[in-house]
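Here is a walk through the empty spaces, the salt bridges and a surface patch of one structure. Keep the 3D view open while you read.

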Amino acid sequence: MPNLAVEFAGIKAKNPVFTASGTCGFGRELNEIFPIEKLGGMMLKGTTLQPRLGNPTPRVAEAPSGVINCVGLQNPGLQNVLTEQLPWVLQHDLAILQNIAGSEPAEYAEMAAALDKVPGLAGLEVNISCPNVKAGGMAHGSDPKLAAAVVSAVRESTKLPVVVKLTPNVTDVGEIARAVEAAGADAVSLVNTFLAMVIDVKRRRPLLGNVMGGLSGPAIRPIAVRMVWQVAQSVKIPVIGMGGIETGEDALQFIMAGASAVAVAAATMVNPLAPLRIIEEMDAWLEKEGVADINELIGAALP
Amino acid sequence: MNNAIEPIAAEVLSIFPVADGIYELELAAPKAAEQAKPGQFAMLRPGAGGKPYLGRPMGIYDRDLKRGSISILFEVHGAGTRAMAELHEGDKLELLAPLGNGFTPAADLRRALVIGGGIGVAPLYPLLCQLKSQGVETEIMLGAQCGERMLALERLVRLGIPTRLYTDDGTMGKRGYLTEDLPEVLRYGRFEQVFCCGPMPMMRAVANICAEYRTPCQVSLEERMGCGFGICVCCVVDCQDAEGNISKKRVCYDGPVFDSQEVVWHA
Ligand SMILES: Cc1cc2nc3c(=O)[nH]c(=O)nc-3n(C[C@H](O)[C@H](O)[C@H](O)COP(=O)(O)OP(=O)(O)OC[C@H]3O[C@@H](n4cnc5c(N)ncnc54)[C@H](O)[C@@H]3O)c2cc1C
Ligand SMILES: Cc1cc2nc3c(=O)[nH]c(=O)nc-3n(C[C@H](O)[C@H](O)[C@H](O)COP(=O)(O)O)c2cc1C
Ligand code: FES
C-alpha cells in the first residue's frame with residue numbers, strides 16, 4: 001500500500017486530504033455521515049472573537065460548475081469554540097486547524113493567544129481572504145503590508161503552526177505569499193473564493209443577500225492550480241492547495257503543482273463523501289503508477 | 001440524528017405529469033424509504049456532468065416499502081427542476097435522503113389541523129398517514145391557485161379525512177384564501193395542533209392566526225440550500241428564544257419544521 005501520510009509545518013496528517021473551512025462546520029454533522037477520522041484533517045469554520053450572525057439570505061447561488069456563497073462568517077464566537085466545539089472535535093484522531101478571522105491585527109492576536117493553550121490543536125489557519133465580510137477579511141489579504149501585520153501579531157501570540165489563507169483576488173499572489181512568509185507564517189493555503197455576483201433577472205436585482213459572494217468549485221480549479229504553482233515557486237514554506245477539487249486526479253494536480261496537502265470545500269457540499277472518494281482515488285492512482293510515497297509527487301510538475 | 005444518510009445513485013422508477021408543470025417522480029431508494037419520517041426531505045442532483053452543480057431540496061411526498069421507493073412531487077421553476085422534468089424511467093440521479101427533522105405530533109395528540117398551500121401539500125401527505133394511524137382526529141385545509149393545481153387529491157380521498165378546499169379563482173372548493181376561514185375553524189375546531197406547509201406569505205398568516213388563537217403550529221420552511229445536511233450555513237432563518245435572543249438556524253439541519261413561535265416572521 002502506498003504511503004499517503006504527509007507532514008508540513010510541523011503538522012502530521014495520515015493523508016493529504018482536508019475538508020476546507022466553511023464546509024465542515026466543527027465536524028459534528030459530517031461525523032454523522034462518515035467517521036471524520038478517515039480525513040487527513042479539517043480546517044474548522046472561520047471563527048471571530050465575538051459570535052457573528054453572518055449575512056442576510058439568500059447566501060448561495062448556482063454557478064456554472066460551481067457555487068457562489070456569501071455566508072459572511074456566521075459562527076458562534078471564540079468562547080463557544082473553545083468550550084463547546086474544540087473539545088468535541090479534538091477527541092478524534094485527525095489534524096485539526098482552527099480558521100480565525102478578525103477586523104484588526106490585535107483581534108487575530110487575541111484569538112491566537114487563546115487557542116495557543118488548547119491541547120491537541122494542530123495549528124491555526126489565519127483567514128485574511130474572506131470576500132464576504134466588510135471589516136478585515138480580504139482587505140487584509142490584498143495588501144502585503146496589512147497581511148504581514150496580521151501574521152506578525154499572530155506569530156507573537158502563539159507557538160502553534162500558523163497557516164495563512166490567501167485570497168486569489170489580487171494581481172500578484174506571490175507577493176502576498178512572500179510578505180506573510182517574511183512575517184513568520186509556517187505555511188500558506190490557497191485559494192479562498194473569487195469575488196463574484198449573480199443578477200436575478202426577474203427581480204432586476206442582485207440575487208445574493210450580500211450582493212457579492214465568493215465563487216468556488218470546479219469552475220475555479222485551473223486558476224487555483226496556476227496560483228498554487230506560482231506560490232510554490234515564490235516561497236520556501238509549504239503550500240496547501242484548494243479550489244474545485246472533486247477527484248483524486250484533481251488533488252494530484254495541486255500536489256504536483258507544489259502543494260503538500262489539499263482541501264475540499266464545494267465538492268463536500270454537493271456530496272459529503274467526496275473527500276473520502278478523493279483519498280481512495282489518490283491511493284488507487286499511486287498503486288497503479290507504482291509510486292510508493294505521495295511525498296515523491298509534491299512539486300513533481302514544477303520546473 | 002441522521003445516522004445513515006448516504007448519497008446514492010437512485011434509479012427513476014417512474015415520472016409523470018400530474019398538472020401543467022408539476023410532476024410526480026418515484027425513485028428507487030430502499031434505505032431512505034425505510035428511514036423517512038413525515039416532513040423530511042431529500043437533496044436531488046438531476047443533471048449529468050455536474051449540471052446543475054448544487055442539489056435541489058425536495059420534500060418526501062410518499063414512500064412504498066415494498067417497491068423500496070420514495071416519491072417526490074415537484075413544480076418546474078428553473079434549471080434544476082427543468083432537468084428533473086426531463087428525466088426518464090431508468091435514468092439515475094444523485095440522491096441524499098432522508099434529511100432534516102420532520103413534523104413531531106405529540107404521542108397524546110387528539111385533534112389536529114393540517115394546512116397545505118400549493119406544492120406544500122407534498123410533505124404533509126406522509127404526516128396525514130401517520131396521524132391517521134395514530135388515531136388522531138384530523139381535518140385538512142388545502143389551498144391552490146386553481147382546481148387543476150389542487151394536488152394529491154386522490155391520495156387524500158383514500159385517507160378519508162375531512163377536507164376544506166380553497167382556490168384563488170374559485171374553480172374548486174371555496175373562492176379565496178383559506179386564511180380567511182382559519183380564525184373561525186380554530187375558534188370552533190378545538191384543535192390542539194396545527195401543521196402547515198405552503199408559500200411563505202401563507203405560512204406567515206397561518207402562524208399569526210394560530211398565535212392569536214393560542215394553538216401551537218408547526219411550519220415547514222423553505223430557504224435556498226447549499227448542502228442540505230448542515231455544514232455550509234447557507235439556508236438560515238431568523239429564530240428567537242423565549243427571552244427574545246435572535247439566532248440564525250439552519251432550515252436543513254435544525255428544521256425544516258419549526259415551531260411557528262420560534263420563527264421571526266419578516267414582512
Ligand atoms: C426543505 C425544502 C423542501 C422543498 N420541497 C419541495 C417539493 O416537495 N416540491 C417542489 O416543487 N419544491 C420544493 N422545494 C423548493 C425547491 O427546492 C425549489 O423550487 C428548487 O430548488 C428550484 O430549483 P430550480 O433549479 O428549478 O430553480 P432556480 O431558481 O434556478 O434554482 C437556483 C438555486 O436556488 C435554489 N432554490 C430556488 N428556489 C428555492 C426554494 N424555493 N427553496 C429552496 N431552494 C431554492 C435551488 O436549490 C438552487 O440552488 C423545497 C424547498 C425546501 C427548502
Ligand atoms: C459555503 C462556504 C463557506 C466558506 N467559509 C469559509 C470560511 O469560513 N473561512 C475560509 O477561510 N474559507 C471559507 N470558504 C472557502 C473555502 O474554504 C475554499 O477556500 C474555497 O471554497 C475553494 O475551495 P472549493 O473550490 O473546493 O470550494 C468557504 C467556502 C464555501 C463554499
Ligand atoms: S444548506 Fe448547508 S447548512 Fe443548510
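Helices and strands here are DSSP runs, numbered from the N terminus, with at least four residues for a helix (H or I) and at least two for a strand (E). With that in hand, Ala257(A) is easy to place: it sits in the loop between α8 (248-256) and β16 (259-264) of chain A. Bear in mind that this is a predicted model.

Is Ala257(A) buried or exposed? Its relative accessible area is 2%, so Ala257(A) counts as buried, the cut-off for that being under 20%. For a sense of distance, take Ala257(A) and Ala196(A): they are 61 residues apart in sequence, and their C-alpha atoms are 25 Å apart in space.

**Cavities**

How many cavities of 30 Å³ or more turn up in the whole structure? The search finds three. The largest cavity holds about 480 Å³ of space. It has 38 lining residues, and nearest its centre are Ser21(A), Asn69(A), Asn192(A), Thr193(A) and Ala265(A). Elements of chain A that give two or more residues to this lining are β4 (41-47), β6 (66-69), β16 and α9 (266-270). Of these, α9(A) provides the largest share, three residues.

The second largest cavity has a volume of about 100 Å³. Its lining counts 15 residues, and those closest to the centre are Val270(A), Met43(B), Arg45(B), Gly55(B) and Leu96(B). At least two lining residues each come from α9 of chain A and from β3 (41-45) and β7 (92-99) of chain B. So much for the closed spaces; an open one comes next.

**A pocket with a salt bridge beside its centre**

The second largest pocket has about 580 Å³ of space. Lined by 22 residues, it has Phe26(A), Gln74(A), Pro76(A), Gln85(A) and Arg250(B) nearest its centre. Two or more lining residues come from each of α1 (28-31) and α2 (78-89) of chain A and β15 (246-250) of chain B. The biggest contributor is β15(B), with five residues.

Here is how the three linings break down by residue type:

| Space | Nonpolar | Polar | Charged |
|---|---|---|---|
| Largest cavity | 20 residues | 15 residues | three residues |
| Second largest cavity | ten residues | three residues | two residues |
| Second largest pocket | six residues | eight residues | eight residues |

Now look again at Arg250(B), one of the residues nearest the centre of that pocket. Which residue does Arg250(B) meet in a salt bridge? The partner is Glu29(A), at 2.8 Å from N to O. Because Glu29(A) belongs to helix α1 of chain A and Arg250(B) to strand β15 of chain B, this pair joins two chains. Both ends are tucked away: Glu29(A) is buried at 11% relative accessibility, and Arg250(B) is buried at 15%.

**More salt bridges, in chain B**

Over all chains, the count of salt bridges comes to 22. Another of them pairs the side chains of Arg111(B) and Glu137(B), again with 2.8 Å from N to O. Arg111(B) is in strand β8 (residues 111-117) and Glu137(B) in strand β9 (residues 137-144), both of chain B, so the bridge ties together parts that are 26 residues apart in sequence. The two ends fare differently in terms of cover: Arg111(B) is buried, with a relative accessible area of 12%, whereas Glu137(B) is partly exposed at 47%. This pair also belongs to a network in which salt bridges with shared partners join Arg111(B), Glu137(B), Glu139(B) and Arg164(B).

Elsewhere on chain B, Lys174(B) and Asp181(B) form a salt bridge, with their closest N and O atoms 2.8 Å apart. Lys174(B) is partly exposed, its relative accessible area being 43%.

**A nonpolar patch**

Back on chain A, where does the surface show a nonpolar patch? Look at Leu195(A), Met197(A), Ile199(A), Val201(A), Val211(A) and Met212(A), which together have about 530 Å² of accessible area. One of them, Val211(A), is found in the loop between β13 (205-206) and β14 (212-216) of chain A. Val211(A) has 36% relative accessibility, so it counts as partly exposed.

Notes: Residues are numbered from 1 along each chain as its sequence is written. Chains are lettered from A and ligands numbered from 1 in the order in which they are written. This is a predicted model: local features need pLDDT of at least 70, side-chain atom pairs count only at pLDDT 80 or more; totals for chains, interfaces and linings use all residues. Side-chain values use heavy atoms; hydrogens and water are left out. On a 1 Å grid over the protein atoms alone, a cavity is a set of points where a 1.4 Å probe fits but cannot get out, and a pocket is an open set with protein on both sides within 12 Å along at least five of seven lines; lining residues have an atom within 4 Å of a point. Grid points are joined across faces, edges and corners, and a volume is the space filled by probe spheres set on the points. Ala, Val, Leu, Ile, Met, Phe, Trp, Tyr, Cys and Pro count as nonpolar, Asp, Glu, Lys and Arg as charged, and the others, Gly among them, as polar. Patches are made of residues with over 30% relative accessible area and no salt bridge: like charges are joined within 9 Å, nonpolar side chains (Val, Leu, Ile, Met, Phe, Trp, Tyr) within 5 Å. Accessible areas come from the Shrake-Rupley method with a 1.4 Å probe; for residues, only the protein chains shown count as cover. A salt bridge is a side-chain nitrogen of Lys or Arg within 4 Å of a carboxyl oxygen of Asp or Glu. Buried means under 20% relative accessible area, exposed over 50%, partly exposed in between (1.4 Å probe, protein chains only).
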